[in-house]
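Student: Could we take a close look at just one chain of this assembly? I would like to know how it is divided, how it meets its neighbour and where its backbone does something unusual.

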Amino acid sequence: MKDSEKQLMNDTKKITRGMVFRVIGGFGLAIFLISFPHIFTSNYIRNLAILTCMWAIGGQAWNVLSGYGSRYSMGHAIFFGLGAYSSAVLFTKYGISPWFGMVIGMLVSSSVSVIVGFPTFKLTPAYYGMATLGFTFTLQAIFLNWRWVGDSRGVFMPLLRKSSIFDFQFANNKTQYYYIVLFLLVLSYFLVYKVSKSKLGFYIRAMKEDELAAQSLGVDVMKNLQIVGIISASLASVAGTFYAQYMLYVDPMSVYNSITSNNFILSATLGGIATIAGPLIGAIIFIPTGELIRGWIGGSGKAFDQMLWGFVIILIAIYRPSGILGWFKEHAKIFSGISKWMKEPIVRSNHDNSGM
Amino acid sequence: MKKSFIPVILLAVILTSICFSSVSAADDTVKIGVVYPLSGNQALTGFEYRAGCELAEEIINNEHPEWAPLKFAETAGIPALDGKKIEIVYGDSQATPERGQNEAERLITQEGVVALIGAFNSSVSTTASQVAKRYGIPFICDSASSPTLTSRGFQYFFRVFGNDAIFVENLFTAMREEADKDTSREYKTVMVLNENSLWGSDVADIAKLVAPKYGFEVVDQISYPSTTTQVNSEVQRVVAKDPDILFQASYVADAMLFMRTFKEQKYTPKMYVYADGKPLNFSYRETLGPDGWWTVFRTVYTKKDAPFVNLITDDYFSEHYPDLKFNENQGSVITSVQVLVDAINRAGSTDPEKLREALTQTDIKGEEIILPFAGVQFDETGQNILARAIVVQAQEDFKFVNLWPAEMKNGDYVPYPAWDER
Amino acid sequence: MGALYALVASGLSLIQGLMNIINFCHGDLVTISMYTSFLLWSVFKMDPLLSIPVCIIVSTLVGIATHKLIISQVLRSPSSFGQMFSTYGLGILIASTLQFVFTPNYRSVLNPFVEGSISIGAINISKPLLFGAVGALLAYGLCYWFIRRTPEGQALQATEQDHGAAQMMGIDTEKMFLLGWTISGFCVGTAGALLTNFYYIHPYVGETFSNISFVVVTLGGYGSFEGSLIAGLIVGVVETLSGYVIGPQYKLIPVYLTYLIVLMFRPRGLMGRR
């Protein structure tokens, strides 16, 4: 027993090629991400990067509940919109910093998620999706008529002369916005990573496999779903707050919209559901492609861009339904040689040297 | 397995071709960016504006001495820049503020446009003009009429078009005049019917504020969601209140639905007023036919008494765009382009700051533009103070009779007939 | 209107129940049949009522093509993403192609055979709406008879309940899928032609019907033909009544609330299978 423990300890001390690559790759990626706005000085590309990150956060939010978890939500626009409205209304009406607005948006979204969750988590997945879609339209109808939050006119936020982190506004400069959204992105992905490795993550995966079996083993399905729902709603709300502060204008028709929810779903599923990197990879491919297609041929007024876009989605749905990362999993054989090579230790661990 | 590479290759091809195509930028033109809803629900309107843009390019870039004294028709290109030609670059907002912002960003940074024109939807104009302001590039608003836009204190925002406050006042002035003249009926009550978005709500609020000033009582206001499939309940409410004047702010599709339902319910108010130019819309006229006659509306475009008007609208325009009919949308975009080119011409460069300076000093005479405005001059908020609406009634066979202002009046108001009197 | 909602939705319900997928492009099939009807009217001056058979054929063909080219491919893969988004993408493709072909102008049929309204006392009932309702109910009845009373219909029902079991019983499921699309095409084609009588035609008009159909289908229960009828009528009535009583701007809220409340107490819809 002692031996095996020692073996385990030694194993963890082994430095494999894979680890080295991961560390180098991680640093490389980090450096690339941080220096991105300085490599690409065009504000249009920065803008695309910012939007990509924003949708990636939203995609991750959806991924927590619907990728790892078992409820296929079609109404994440609810939380996105609540986040956007919370910070926008607080900022314009009371001058409260959007950072607090973000927290309050998370609280609001979480409570709404719990309220929505009680009746809907009981539903079967197909009905759950439809019910959340119904909630989206209900909220849209309510916000369209709610005077205090600007009804159908939406909320205009003042354009401030000075840039300040506190007010979440930066004149004429995308770099700060980029760093903020990158920070939020990293934070949210770290959170999701932690959750997926935690007991909760284990439970929800078990529930996805077989809810009844999980229940019979003593997993409180409802409670776990609610917790996951709260995490998911909060993340979507963060994306919403960022949207509001970046656009400086929120209106019910454009946030409480099934297109918003579908953007989340598309970016998460395109990358690969139930994976950490999936939503980001999906968003990196999906958002710029959509924008570029529109920029390229969208001005014709003949809807070519939409035709192409629909066509691309169908192609992906037919040929790549499991997402980009799913492809790697399906074709694991091709990479097995690489992964084996990766696992080989490059430095002799002290297990071998212990005799000395 | 091979199959799975097809979409990957396709995507790669698409992406690379996009990358290459966006690089090819010509430097020998002055680029002007426009943002309109060119696809999606409101694509029809975007289409009309696009036609206007193409016509504006024709006016500026080529010599058309027969169109004088229309500004820049006689010359080719921008005179002060040695006849440099303009090129209009299109952005598709799909009527959403986010897309609008994105497209503005793209036009400014990728295409390098010297100014933006747009954007039909007030919400899109909001976000697109914020982008323009950030880059210090003039934004010329040719169509969105929400008063909020000019109240933000943007130095780079210029609205050639009027705003709703002006338009609604104009309409009520005309309504009062006609109501006084028509002694056969009594006009006391007004009912406001508006679609529930930025524009509709703004118009409704102003109308409620303005109506008492002109001696009308607002009995009720109905705002309805604009993507509705049936308007029976709205119509029932109108019938129940039976107002003397119905004041409606709707998008085309809804306006047609309302008119049909009113007909089915055999209901007519004593005066039917649209807050904008619904009967000028091609689809509206085609669809409703005689049912759309006798309504009163405002427009900023009417065929004015100038030599070039018929040549452009009837000869040139209907030849190139048989599907469309020249209306205020083309008129306002052409005027906006002229205003911008005039500023570039006076500034002698496309430097944004000089351009802004030149724009604030704009003074274009009424006879140099196709719109029947008294001219173009901006106040300190960027609003064109010489903009005004023309109140028109659509009479038999969509013969448009100007009722107001007095100097353009060319016919008399016909009281709105009941359905069985037609 | 409720009856038309029901007709549109019952086609959707059938497909969703049968294939176990969510069909996002159902509303666009309605749009296609509306344009077919319009095209026949503008070229041959054919009244929308006469064009019903053609509309049915066209929408059935489009449905079958969709199935053959896309759905059958997607059904093979285990991921629900492909199943959802293939139809979502197709919806965008159809709408934008229609915009390309017909331009985004609002179209509508002028002077159709049924026009105007009938007065019963003080109440005016719109003739096209009435015709729509009656036609929708007739078409609905026909479908109902087919599904419940003919052997093919029963085989269809069996397939709906359990693909595997049905296959073992010697039912050709692929054939049943095609039959399902045909019936769905029948519903959509009829509804489209009837709508043309009084509604405007626009490439994106299907979106509105899509959303309402989703509500109706879920309210009625997936795969339940009776459920769609009841739910369609409920939605139509609630929409009109609440518009009149509470105020038009709030008219959609009670519709969605009804839907959510029903789901709370009957998680599988009004007539959903247990």
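Tutor: Let's walk through one chain, from its domains to its partner and then to a few spots in the backbone. Before we start, residues are numbered from 1 along each chain as its sequence is written, while chains are lettered from A and ligands numbered from 1 in the order in which they are written. This is a predicted model, in which local features need pLDDT of at least 70 and side-chain atom pairs count only at pLDDT 80 or more, whereas totals for chains, interfaces and linings use all residues.

Our part is chain B, which is divided into two pieces: domain 1 covers 27-162 + 305-376 and domain 2 covers 165-299 + 390-421. These bounds come from an automatic or database domain assignment. Between the C-alpha centres of domain 1 and domain 2 of chain B there are 29 Å. Where the two domains touch, twelve residues belong to domain 1 of chain B and 13 to domain 2 of chain B; two residues are in contact if their C-beta atoms, placed from the backbone, lie within 7 Å. On the domain 1 side of chain B, you will find four nonpolar, six polar and two charged residues. Here Ala, Val, Leu, Ile, Met, Phe, Trp, Tyr, Cys and Pro count as nonpolar, Asp, Glu, Lys and Arg as charged, and the others, Gly among them, as polar.

Now turn to the neighbour. The contact between chain B and chain C takes 32 residues from chain B and 26 residues from chain C. On the side of chain B, the elements giving two or more residues are α2 (43-61), β7 (217-224), α7 (232-241), α8 (252-264) and α9 (282-288). Such helices (H or I, at least four residues) and strands (E, at least two) are DSSP runs, numbered from the N terminus. The largest share of this side, six residues, is given by α8(B). Sorted by class, the residues of chain B that touch chain C are eleven nonpolar, 15 polar and six charged.

Finally, let's follow the backbone of chain B. G118(B) and A119(B) are joined by a cis peptide bond with omega of about -10°. To find it, look for A119(B) in the loop between β3 (115-118) and α4 (122-135) of chain B. Another cis peptide bond links W404(B) to P405(B), and omega there is about 0°. P405(B) sits in the segment after β14 (399-404) of chain B.

One more spot deserves a visit. D397(B) is not a glycine, although its phi is positive, at about 55°. You can locate D397(B) in the loop between β13 (390-395) and β14 of chain B. Is D397(B) buried or exposed? D397(B) counts as exposed because it has 9 C-beta neighbours inside 10 Å. For this count, a residue is buried if 20 or more other C-beta atoms lie within 10 Å of its own, exposed if 12 or fewer, and partly exposed in between, with C-beta atoms placed from the backbone.
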